[in-house]
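These are my notebook entries on one structure. I set down what I looked up, entry by entry.

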Amino acid sequence: AVVSTQSTGNACGVSLCTEDQLCVNTPLDTSQLQYTCLCREGYMSNGRGGCIATSVRCDEEVYYACRSGGCIPLEFRCDGVTDCQDGSDEVKCTEYRCNAMLQFTCETGQQCVPLPRTM
C-alpha cells in the first residue's frame, strides 16, 4: 500500500519514511527523483499515512482490532474515516464520534461532515 509520496533531489537518501516503511525510488523526470513509502512485510496502511502491524494483539481498552489485522486507536472507530484495510472500523456504527474542532455531527449521529475552513 502506498503511504506517502514526496519529491526531492535525493529521493530515499532524505526520505521521511518510518522504520515500519520501505522507501522505493521512483523516477519522476531527469531533473528530479521521487520516492514512495510502502508498508514493510507484516504491516499494512493505517489509512492516515502510517503503517500498523498485522499480527499484533490489540489492547482492547485502547485499540480496535481490525478484522483484516492490525490495531487502530479506539477514537478512530466510527469516526467516518476508513482506517482498517477492510473498512471494519466503520461497519455497524450506531453513532459516529466526530472531531468537534474539524467536523459537524449530523442530527442522526450517523455521519461526520467536515466543517468549512476559515481563514
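Entry 1. About the S-S bond, is the link of Cys 17 and Cys 37 left-handed or right-handed? I find it left-handed, with -95° about that bond. I note at once that this is a predicted model, in which local features need pLDDT of at least 70 and side-chain atom pairs count only at pLDDT 80 or more, while totals for chains, interfaces and linings use all residues. Residues are numbered from 1 along each chain as its sequence is written, and side-chain values use heavy atoms, with hydrogens and water left out.

Entry 2. I then looked up the parts that this link connects. The disulfide joins Cys 17 to Cys 37 with an S to S distance of 1.9 Å; the term stands for a pair of cysteine sulfur atoms within 2.5 Å. Cys 17 lies in the loop between strand 1 (2-8) and strand 2 (21-29), and Cys 37 lies in strand 3, so the pair ties together parts that are 20 residues apart in sequence. Strands are DSSP runs of E with at least two residues, helices are runs of H or I with at least four, and both are numbered from the N terminus. Strand 3 covers residues 32-39.

Entry 3. I checked the burial of both partners. Cys 37 has a relative accessible area of 2% and is therefore buried. Cys 17 also counts as buried, because its relative accessible area is 18%. I apply these cut-offs: buried is under 20% relative accessible area, exposed is over 50%, and partly exposed is in between, with a 1.4 Å probe and protein chains only. I also recorded the C-alpha separation of Cys 37 and Asn 25, which is 9.1 Å for residues 12 apart along the chain.

Entry 4. How many disulfides does the structure hold? I count five, and I looked up two more of them. Cys 39 is joined to Cys 51, S to S 2.2 Å, and this link is left-handed with -95° about the S-S bond. The pair links distant parts of the chain, with Cys 39 in strand 3 and Cys 51 in strand 5 (residues 51-53), 12 residues apart. Both Cys 39 and Cys 51 are buried.

Entry 5. Cys 66 and Cys 84 form a disulfide with their sulfur atoms 2.0 Å apart. I read -70° about the S-S bond, a left-handed link. Cys 66 is in the loop between strand 6 (63-65) and strand 7 (71-73), and Cys 84 is in the loop between strand 7 and strand 8 (103-105), so the pair ties together parts that are 18 residues apart in sequence. Cys 66 and Cys 84 are both buried.

Entry 6. I turned to Arg 77, which is in the loop between strand 7 and strand 8. Where does Arg 77 lie relative to the ring of Tyr 64? I find Arg 77 over the face of Tyr 64, at 4.9 Å from the ring centre. For this term, NZ of Lys or CZ of Arg must be within 6 Å of the ring centre and within 35 degrees of the ring normal. Arg 77 counts as buried because its relative accessibility is 17%. A polar atom of the Arg 77 side chain lies 2.8 Å from the backbone oxygen of Asp 89. Leaving aside neighbours within four places in sequence, Arg 77 is in contact (heavy atoms within 4.5 Å) with several residues, among them Tyr 64, Ile 72, Asp 89, Lys 92 and Arg 97. From C-alpha to C-alpha, Arg 77 and Ala 65 are 9.8 Å apart, and in sequence they are 12 residues apart.

Entry 7. I looked up positive phi values in the loop between strand 7 and strand 8. Cys 78 is found there, with phi near 55° in a residue other than glycine. Lys 92 is found in that loop as well, and its phi is about 55° although it is not a glycine. Is each of these buried or exposed? Cys 78 counts as buried at 5% relative accessibility, whereas Lys 92 counts as exposed at 75%.

Entry 8. I closed with the chain as a whole. The secondary structure comes to zero helices and nine strands. Of the 119 residues in the chain, 34% are buried. Among contacts between residues at least 6 apart in sequence, 23% join residues at least 24 apart.

Definitions and conventions. Polar contact = N/O pair within 3.5 Å; in protein donor to acceptor, adjacent residues only side chain to side chain.
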